[in-house]
Amino acid sequence: MVHTFYLNGYYIALDVNSGAVHVLDKLCFDLLNKFEDKLPKDFPSEILEELSKDYSKEELLEVYAELLELQAAGQLFSEDDYERFTDMMKGAPIKSMCLHISHDCNLRCKYCFASTGDFGKGRKLMPVETGKKAIDFLLTHSGNRHNLELDFFGGEPLMNWDAVKEIVDYARSKEEEYNKKFRFTVTTNGVLLDDENIDYINKEMKNVVLSLDGRKCVNDNMRLAINGKGSYDVIVPKFQKLVEKRLEGENKEYYARGTFTKNNLDFAKDVYHIADDLGFDQLSVEPVIADPSEPYAITEEDLPTIFAEYEKLAVEMIRRKKEGRCFNFFHFMINLDQGPCAIKRLRGCGCGNEYVSVTPDGDIYPCHQFVGNDEWKMGNLDDETLDIEMKDKFACSNIYTKEGCKDCWCKFYCSGGCNANNYSFNKDINKPVKLSCEMERKRVECAIMIKVAMADK
Amino acid sequence: MEHIKTVNNANLKESCAKGGCGECQASCQSACKTSCTVANQECENESRKNNK
């Protein structure tokens, strides 16, 4: 399978199954687009005749020979022979956890998928003992995996900060005995940040996700305090202080992470605001996941505007990269040479199999987005239960079981999309959401084009 | 080649030889939490990286 596209003046071909990316001239692009499958040894005469109206036969034959050469090298129309790896993750260790340390929040963001923090199950903080049991669960279910990830999530994790510290201390005390390395992260809205917890986060958390939507008017339209006031003026100085101190330390990773909605389809302006006016250089601004009936939900009619915005952002990033002063944009980051192996790419995030969420009550769910939906409860820490049948269902969900993925060029970049999103919209983890797919494909095209442009001296 | 420039080395096939170790980050843990892009994750398989 080959995907061709024209973007920002570049004619690009992606050989899907090998991952090879080629930049073509227009003649080559036009010629390649005549083929849906492997090139025959001899140039098909009807195509030669057709294209010779625009190009010389000599040139066409020359280009065809080059394409044949790529095909022979396994870099064009290469085979999809990865299906043999699909069962490889059945029985995989659990090595990654989203720990819902707080089912309470001090903001009332309009688009919150967690029902303003309590996931529809009542406002609760996780007891320290439950957190310690979650650590024990990871230690004993992670098999030979050395790196264990644990994200403190909510609600707002800083509302249960003392518990976070005790749980981190407990986990660290077990690392040597179990030969494991915990990588902690935290996702925070910033309201309760102070000097003490900033220093702690910067010392202990490998990554920190700072929720901020962009321009003050955009942020304050959606991210509201309980009293209805916007959060921008409270959180921005705290985030800036955190990042300034963080960059002096060992753990430098962070993301200023925003959500865009139908209300700010000009979200590139929010990206520039976060980068230029606020000084952050690690950014992620993502489309809202919302019921289509919500007034701020992104709908199909928004796609042309969103595509144009992504393209504009990509072109601006190239300009800045060439000047050596660009920010990172999470969804345009792509590693064409040494990214994840194809085996990882068959099933994506690993939720429900290698990755689970744990609630304040010790309930286990496939991921944070399934929390609160009883149908997807996988077990409980106190009962020491875990639904292996459900775990296997996730282990065996992959790009070959998901509707439409096998024949989609983007399958090794999105890995079949978000299971929770699929279930939420289509009531089936194996049925991807068309709208999300469309946006993802555009982002991946932009990401590849940026690589192409940066290789263009 | 006159008409084609290859930007990267095709390596998705080779990646399977020492792949599937499971040490890399769950993509959802990195920055997004609501949507997936897996291809931007870093490989953490030392033997595969050293083989580069």
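This note goes through selected features of the two-chain model point by point.

1. Basis. The model is predicted: local features need pLDDT of at least 70, side-chain atom pairs count only at pLDDT 80 or more, and totals for chains, interfaces and linings use all residues. Residues are numbered from 1 along each chain as its sequence is written, and chains are lettered from A and ligands numbered from 1 in the order in which they are written.

2. The sheet across chains. Four strands form an open antiparallel sheet, ordered E1(A)-E2(A)-E3(A)-E1(B). Strands are DSSP runs of at least two residues, helices H or I runs of at least four, both numbered from the N terminus. Strands pair if DSSP finds at least two bridges between them. E1 (2-7) of chain A and E1 (4-6) of chain B are the edge strands, each pairing on one side only. Strand-to-strand twist averages 25 degrees.

3. The chain B contribution. E3(A), residues 20-24, is joined to E1(B) by three bridges. A:His22 has B:Thr6 as its bridge partner. Chain B holds one helix and one strand. Of its 52 residues, 54% are buried (20 or more other C-beta atoms within 10 Å of the residue's own; exposed is 12 or fewer, partly exposed in between; C-beta atoms are placed from the backbone).

4. H15(A) and the core. H15(A) lies across E1, E2 and E3 of chain A, at about 115 degrees to E2(A). Angles run from 0 to 180 degrees between N-to-C directions, with axes fitted to C-alpha atoms, for helices over the stretch in contact. The largest nonpolar core has 137 residues; A:Leu99, A:Ala314 and A:Ile450 are among those touching the most other members. A nonpolar core is a set of buried Ala, Val, Leu, Ile, Met, Phe, Trp, Tyr and Cys residues joined through C-beta atoms within 7 Å. H15(A), residues 434-455, supplies the largest share, ten residues. Beyond four places in sequence, A:Ala314 is in contact with residues including A:Asn8, A:Cys446 and A:Ile450 (contact: C-beta atoms, placed from the backbone, within 7 Å).

5. Strand E13(A). A:Tyr355 and A:Ser357 point one way, A:Val356 and A:Val358 the other; all are buried. E4(A), residues 96-100, runs parallel to E13(A) over four bridges. A:Ser96 stands opposite A:Tyr355. E14(A) pairs antiparallel with E13(A) over two bridges, with A:Tyr365 the partner of A:Ser357. In their hairpin, with four residues between the strands, A:Gly362 has a positive phi near 85 degrees.

Note on methods:
Contact = placed C-beta atoms within 7 Å.
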